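Before working with a model of this kind, a reader may want to ask where its coordinates can be trusted and how its parts fit together. Please look at the sequence and structure first.

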Amino acid sequence: MTKVKRAARAVRVVGICGSLRPGSYTRMALDAALAGAAEAGAETGLIDLRAYELPMCTGNDKKTTPPPGVLRLRDEVRAARGILLATPEYHGGYSGVLKNALDLMGFEEFEGKMIGLVGVAGGKMGAGSALDGLREVARALHAWVVPEQASIPQAWQAFDEKGRCKDAELEKRLGEVGRQVAHFARLHTAEKAGEFLRLFESAAENPGGENR
Ligand SMILES: Cc1cc2nc3c(=O)[nH]c(=O)nc-3n(C[C@H](O)[C@H](O)[C@H](O)COP(=O)(O)O)c2cc1C
């Protein structure tokens, strides 16, 4: 494939890191998932929420001009077709930091987009509860969550000092989440898929049904 063709088909996938902790394992897991999206031909970007100085969502920001960090976050997520949400398991759910960031956005940033989920946990049970919760949030935002997801139990022993996965299987799984997001985001925005949908929606109801 030529470089021009590849660039023309590139979709943008961003990853939002739901942990602010320096040395965060969530961030390491997210990096591996973003690498999978890049391998699948996506342009990728990392959203490190520490750099955005986000206020707490009051639900009242339509009446005032949001601070620059909120506008920047919205612009960056709006420009993406795929979004990886990464979170630590905190008390049986996803992090408040991530929820606050999501609450500062809405349908304009998420509707119709592909979402991939990645979670880490300190304990042996993994981050399943956090990921289940995020799946519901994504549905409420009218986004599509890909079936593959990655939950990392005992994350403190999963990465080496350079932040890479010690286990090749885990790295593959994290990468697969990113790959699926990139693939389905591309499929979803493809001209042929749009054409199919237009034909499907304009087709007669139950064509040929009367003769059966
Ligand atoms: C407030 C808080 C709550 C936590 N709750 C859980 C939990 O319910 N289950 C679990 O397995 N680990 C829990 N942990 C451990 C974190 O999931 C673990 O430290 C994880 O690595 C944090 O993500 P990070 O490395 O990206 O900061 C909790 C940690 C914190 C700070």
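The questions and answers below go through confidence, core, ligand shell and several single residues.

Reader: Over which residues does pLDDT stay under 50?

Author: This is a predicted model, in which local features need pLDDT of at least 70, side-chain atom pairs count only at pLDDT 80 or more, and totals for chains, interfaces and linings use all residues. Residues are numbered from 1 along each chain as its sequence is written. The chain averages a pLDDT (the predictor's confidence in each residue, from 0 to 100) of 92, and 93% of the residues score at least 70. The stretch where pLDDT stays under 50, with two contacts beyond four places in sequence (a contact meaning C-beta atoms, placed from the backbone, within 7 Å), is residues 1-7.

Reader: Which helix gives the most residues to the largest nonpolar core?

Author: A nonpolar core is a set of buried Ala, Val, Leu, Ile, Met, Phe, Trp, Tyr and Cys residues joined through C-beta atoms within 7 Å, and a residue is buried if 20 or more other C-beta atoms lie within 10 Å of its own, exposed if 12 or fewer, and partly exposed in between, with C-beta atoms placed from the backbone. The largest such core has 55 residues, and those with the most contacts inside it are Val13, Ala29, Ala33, Leu84, Val118 and Val181. With helices (H or I, at least four residues) and strands (E, at least two) taken as DSSP runs numbered from the N terminus, the element that gives the most to this core, with eight residues, is helix α2 (residues 25-39).

Reader: Which residues does Ala29 touch, not counting residues up to four places away in sequence?

Author: Ala29 is among the residues with the most contacts inside the largest nonpolar core. Not counting residues up to four places away in sequence, the residues that Ala29 touches are Ala86, Val118, Val120, Ala150, Ile152 and Leu174.

Reader: Is Ile83 buried or exposed?

Author: Ile83 is found in strand β3 (residues 82-88), and, not counting residues up to four places away in sequence, Ile83 touches Val14, Ile16, Val77, Lys113 and Ile115. Because Ile83 has 26 C-beta neighbours inside 10 Å, the class it falls into is buried.

Reader: Why do the buried residues of α4 line one face of the helix, and what is the arc?

Author: In helix α4 (residues 96-103), the buried residues are Val97, Leu98, Ala101 and Leu102. Seen down the axis of α4, the directions from the helix axis to the C-beta atoms of these buried residues fall close enough together that they line one face, because they lie within an arc of 135°.

Reader: Which elements do the buried residues of α4 pack against?

Author: The residues concerned are Val97, Leu98, Ala101 and Leu102, which are buried in helix α4. The elements they pack against are β1 (12-17), α3 (68-78), β3 and α6 (128-140).

Reader: How many charged residues are in the shell around the ligand?

Author: The ligand is surrounded by 16 residues (those whose C-beta atom, placed from the backbone, lies within 6 Å of it), and the closest are Ser19, Thr26, Pro88, Gly122 and Gly123. Ala, Val, Leu, Ile, Met, Phe, Trp, Tyr, Cys and Pro count as nonpolar, Asp, Glu, Lys and Arg as charged, and the others, Gly among them, as polar. On that basis the shell divides into seven nonpolar residues, seven polar residues and, for the charged ones, two.

Reader: How far apart are the C-alpha atoms of Ser24 and Trp156?

Author: Ser24 lies in the loop between β1 and α2 and counts as buried, because it has 20 C-beta neighbours inside 10 Å. Trp156 is found in the loop between β5 and α7 and counts as exposed, because it has 10 such neighbours. Although Ser24 and Trp156 are 132 residues apart along the chain, their C-alpha atoms are separated by 9.4 Å.

Reader: What is phi of Glu53 near?

Author: Glu53 is placed in the loop between β2 (43-48) and α3, where it counts as exposed because it has 11 C-beta neighbours inside 10 Å. Its phi is a positive value in a residue other than glycine, near 45°.
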